[in-house]
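Hi,

Here is the structure I said I would pass on. Have a look at it first, and then read my notes underneath.

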Amino acid sequence: MAAKPEAPLSIIGRRQPRLDGFEKVSGRSEFTDDIRLPGMLHGKVLRSTQAHARILRIDTSRAEALPGVKAVVTNRDAPTLMFSEHQPVLAADRVRYIGEEIAAVAAIDLLTAEEALDLIEVEYESLPAVTTIRQALKSGSAPMHERAPDNIGPTMEKDWGDPDQGFAESDLVIEDEFRTPMQHNTLAELHVALADFSNPAKLHMYTPTQGAPLYQMELAKAFCLAESQVRIVYRNIGGAFTGRGRPKPHHFIAALLSRKAGKPVKIKATADEEFIMFRASGETFYKFRTGVTRDGVIKALEADITFDAGGHDEWAMILWLPSVYLNWLYKPVGVRYRGRFVFTNTVPKGSHHGGIMGRMSAGWQQHINHVAEAIGMDPAELQLKNAVDPGYASPDGSVFASCGLQDCIRTVVERSDWKNKYGKLPKYRGIGIGIGAQASGSKGADNDTSAAMVKVADDGIVTLYTGIPDMGQGSHTVMCMIAAEVLGTQPEDIRVVQGDSDITPFDWGAFSQRGTFTTGNAVKAACEDARDQLAAIAAAELDTPAGELVFRDGRVFAAASPEQSLSFGEVAAKTLHSAEGRFVMGRGFFNSPKPFGALAFSFGAQVAEVEVDPVTGAVALLKVWAAHDIGRVINQLAVEGQIDGQVFSGMSQVLYEECRVEDGLILNPSRLEYKLPRAYELPDVDYTLIETIDPYGPFGAKEVGEGPIVVSMSAVAAAVQNAVGAMVPEIPMTPWRVLRMLRGTADGSTSVDKHWSEGLEAPLSDTKS
Amino acid sequence: MNTVAKRQVMSLTVNGDTYEVLVSPRQTLLDVIRGPIGLRGTKEGCATGTCGVCTINNEQGEALLSCLTPALEWDGKSVTTVEGLEADGELAPIQQAFVEFGAVQCGFCTPGVIMSAQGLLNSFHKPSEDDINDGMAGVLCRCTGHIKVKDAIRDVVKKRA
Ligand code: FES
Ligand code: FES
């Protein structure tokens with residue numbers, strides 16, 4: 001075994017500019033839409049114009065007759081092609097939301113394809129539609145699915161620890177309700193799929209993705225192929241933010257068109273179609289309940305959440321995600337969670353950036369502040385007092401081997417001058433603290449693993465084969481830094497081969513904040529394997545036991561005599577050209593020994609300061625102080641970028657983003673009317689990184705890809721709550737909502753509907769007490 | 001198909017090179033630059049003028065949304081795209097600053113964000129903070145929140161004599 005490089009580390013921790021930066025700033029980066037395959041056709045999808053209807057007749061004959069049209073498909077072409085258990089890829093005899101896929105066309109150019117769509121005739125018989133949770137739960141509402149007569153889809157109920165005992169031990173039980181609207185993710189690169197299924201024995205799918213395996217599995221299953229017959233190819237990816245986790249209907253439709261036309265077919269979203277193709281977060285109602293003692297010990301937590309699933313329950317994980325989150329912040333005696341999907345005649349839902357927990361925490365944090373107020377305690381103090389710490393085992397069985405949450409809270413309290421501001425700011429100013437936790441690589445399936453390979457050329461250049469996609473988060477640069485640290489070379493000397501499931505080793509992908517942690521461990525192991533192979537030859541050359549060799553800064557030497565060294569390239573050349581002709585090929589693999597859940601967790605706290613305009617109701621976010629425990633920092637520059645992006649996205653969801661939906665139709669499917677902050681609205685961010693060294697992470701690293709957004713959303717919401725003097729019961733906190741709050745708090749009433757469950761004939765649920 | 005009849009030949013100079021292309025009245029500058037001319041450094045985002053991803057520079061060096069500009073109106077004119085910023089094999093200062101300051105993440109918006117920033121730098125020698133905010137208000141970067149984008153622009157401004 002070669003000796004591990006001794007601290008201090010030489011590469012890890014630096015501010016490393018992205019290794020693909022040159023390509024990206026110079027216009028050399030290729031994205032899926034830049035790929036032109038020979039003979040490529042353009043596909044368009046015909047979508048339902050009705051929220052709920054029976055399809056009586058589809059006539060495609062005029063479209064088929066249009067010159068330039070090469071294929072038209074409807075459910076008749078693939079009646080058994082399913083997108084999910086109960087949902088065909090193309091609607092058969094019924095549509096359940098505006099935008100549902102009915103037919104599709106492939107033509108020689110986009111204009112012809114668009115013209116052909118207009119020539120398809122669909123005759124509908126309208127059915128009564130329910131387009132909100134409230135309508136869907138009214139008794140007597142028409143059921144959308146025979147299997148769900150009351151329009152309630154999958155549900156989940158679970159207790160961890162003993163919540164009844166926790167509530168019994170509490171002096172006070174505080175309840176709040178909260179609502180989040182439909183929100184959409186606005187990816188920079190719209191959805192696109194380029195399928196080549198001209199040879200029915202092999203489907204080539206070019207598309208941006210968070211990970212090839214799920215795409216491979218689902219497409220293979222739907223088309224009755226072996227997984228090896230599906231090849232997923234991706235180049236650069238224009239963001240994902242939970243939106244590219246699994247294939248969507250357009251992937252299946254592009255494949256279907258390609259098989260029928262015998263040519264590659266590309267389907268690309270238009271700006272408004274994107275709001276349907278994305279499967280964003282739906283309207284959600286929350287009931288929160290917390291039991292606390294008078295001296296501020298949090299004893300029991302409960303959340304009861306009702307999700308608008310849309311027309312189909314496509315992504316059941318949404319139900320489960322927020323439940324575990326409640327276990328990770330404080331130390332209650334017990335946690336109770338209830339979640340349910342409600343079917344409505346709206347587009348099926350997925351997840352937004354922040355993975356459900358972000359949206360929930362904008363209300364949850366305000367609820368905890370309400371608890372603090374009820375017992376007369378500073379919310380920062382309440383949270384510090386109850387915050388989890390290293391070694392804590394939460395009710396759901398998570399163990400925090402490393403945990404810097406308390407330090408994060410102390411840091412932002414100090415840096416923001418919290419004690420001199422909280423409760424002491426002028427009118428219309430507010431300050432709020434948010435905290436959060438996130439799993440690094442939470443394991444949800446047995447094959448949630450990562451593998452990596454490296455080969456070394458005789459000039460010392462290393463090629464890394466990885467299946468982790470880089471959607472912008474900077475994973476490839478991080479992997480090159482890990483590789484360079486182990487091999488004692490420079491990140492610039494590592495080449496990444498990625499983006500082709502026929503070539504790269506298995507990697508579940510960039511989900512659940514697993515890139516740095518899981519793939520990072522695999523890459524580290526692969527490089528250690530390669531280093532051991534090189535060390536065997538270097539040991540003989542340097543007349544030193546292999547175990548005493550150090551690989552560092554491009555040199556290989558014995559720890560005891562660094563003056564006598566070989567360059568990394570020399571060692572590589574000697575190995576490859578040795579008498580045995582040794583080929584250097586390192587392989588590594590990481591599969592968490594924990595069968596379910598995560599080994600490592602990152603933590604964070606942020607303080608936000610806001611000012612509300614009493615005339616317009618507009619909220620200005622003045623400053624954010626962020627402190628995050630993400631384990632060992634691998635790339636300082638990328639970490640800051642991740643925090644920036646999440647502050648942006650967090651403030652965006654809390655203050656701006658909302659799909660206005662009427663009768664199942666999204667009224668603002670455009671980046672002009674679906675608001676996001678512009679450059680001038682972003683605050684200054686003050687960053688502190690609390691480096692706990694995690695025993696399981698590569699070099700002690702944990703995630704930073706999604707932890708901060710939950711914290712940002714909490715902090716911004718809490719700051720507005722502080723400025724207006726009451727819990728704001730829904731996001732986004734737009735000017736008119738803030739004005740209504742200001743008026744309500746001024747005259748002692750509340751002019752905002754706080755009780756979402758009121759008036760529903762089918763109660764959201766009983767709360768046990 | 002029915003649009004073929006209406007196609008016309010136009011000439012467009014991109015990054016100093018002149019191209020003759022056959023263009024339909026429905027095509028935008030973006031369609032022509034990415035399509036027949038084949039310079040795909042400029043990306044298509046929303047194609048409806050709302051995201052700024054397609055930003056290029058006009059003859060005066062000002063930012064221009066290529067997805068909103070009917071191509072035929074630009075007959076005989078010249079534009080600069082992200083591929084045209086390099087000189088003598090060197091990246092332009094704004095491109096270098098984007099790499100150094102971490103103003104690039106996914107990179108999809110980057111060509112448009114850089115051409116907006118370049119448009120700003122062409123119009124102002126020493127743009128103020130307000131000028132920077134105004135100049136960058138038309139582009140949307142989902143990944144960086146524009147924080148490091150502004151750092152990169154400020155650095156270029158600072159280094160100007
Ligand atoms: S692509 Fe032109 S503004 Fe979005
Ligand atoms: S870098 Fe991804 S949108 Fe700007």
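Below is what I found, going from the contact between the chains to one helix and then to a pair of domains.

Some housekeeping: this is a predicted model, where local features need pLDDT of at least 70, side-chain atom pairs count only at pLDDT 80 or more, and totals for chains, interfaces and linings use all residues. Residues are numbered from 1 along each chain as its sequence is written, chains are lettered from A and ligands numbered from 1 in the order in which they are written, and side-chain values use heavy atoms, with hydrogens and water left out.

**Chain A against chain B**

Chain A brings 56 residues to the contact and chain B brings 47 (contact means heavy atoms within 4.5 Å). About 4,200 Å² is buried between them, 58% of it from carbon and sulfur atoms; buried area is the accessible area (1.4 Å probe) that two parts lose on being put together, summed over both. Val25(A), Arg678(A) and Ala679(A) supply 15% of what chain A buries here, more than any other three residues.

The rule finds 8 salt bridges across this interface (a side-chain nitrogen of Lys or Arg within 4 Å of a carboxyl oxygen of Asp or Glu). To see a salt bridge, go to Lys43(B) and Asp34(A), whose side chains meet at 2.5 Å, N to O.

Which helix should you look at on the chain A side? H17(A) gives the most to the side that touches chain B, with 8 residues (helices, H or I, of at least four residues and strands, E, of at least two are DSSP runs, numbered from the N terminus).

**Helix H6 of chain A**

Helix H6 (residues 212-222) of chain A is largely enclosed by the rest of the structure, because 9 of its 11 residues are buried (under 20% relative accessible area, with exposed over 50% and partly exposed in between; 1.4 Å probe, protein chains only). Among the buried ones are Leu214(A), Tyr215(A) and Leu219(A). Their cover includes strand E12 (203-206) and helix H7 (249-261) of chain A. Just after H6(A), Cys224(A) takes a positive phi of about 55 degrees.

**Two domains in chain B**

Chain B is assigned domain 1 (8-82) and domain 2 (93-159), with bounds from an automatic or database domain assignment. Their C-alpha centres lie 21 Å apart. In chain B, 17 residues of domain 1 are in contact with 14 of domain 2. Together these domains bury about 1,100 Å², 61% of it on carbon and sulfur atoms, and the rule finds 0 salt bridges across their interface.

Cheers
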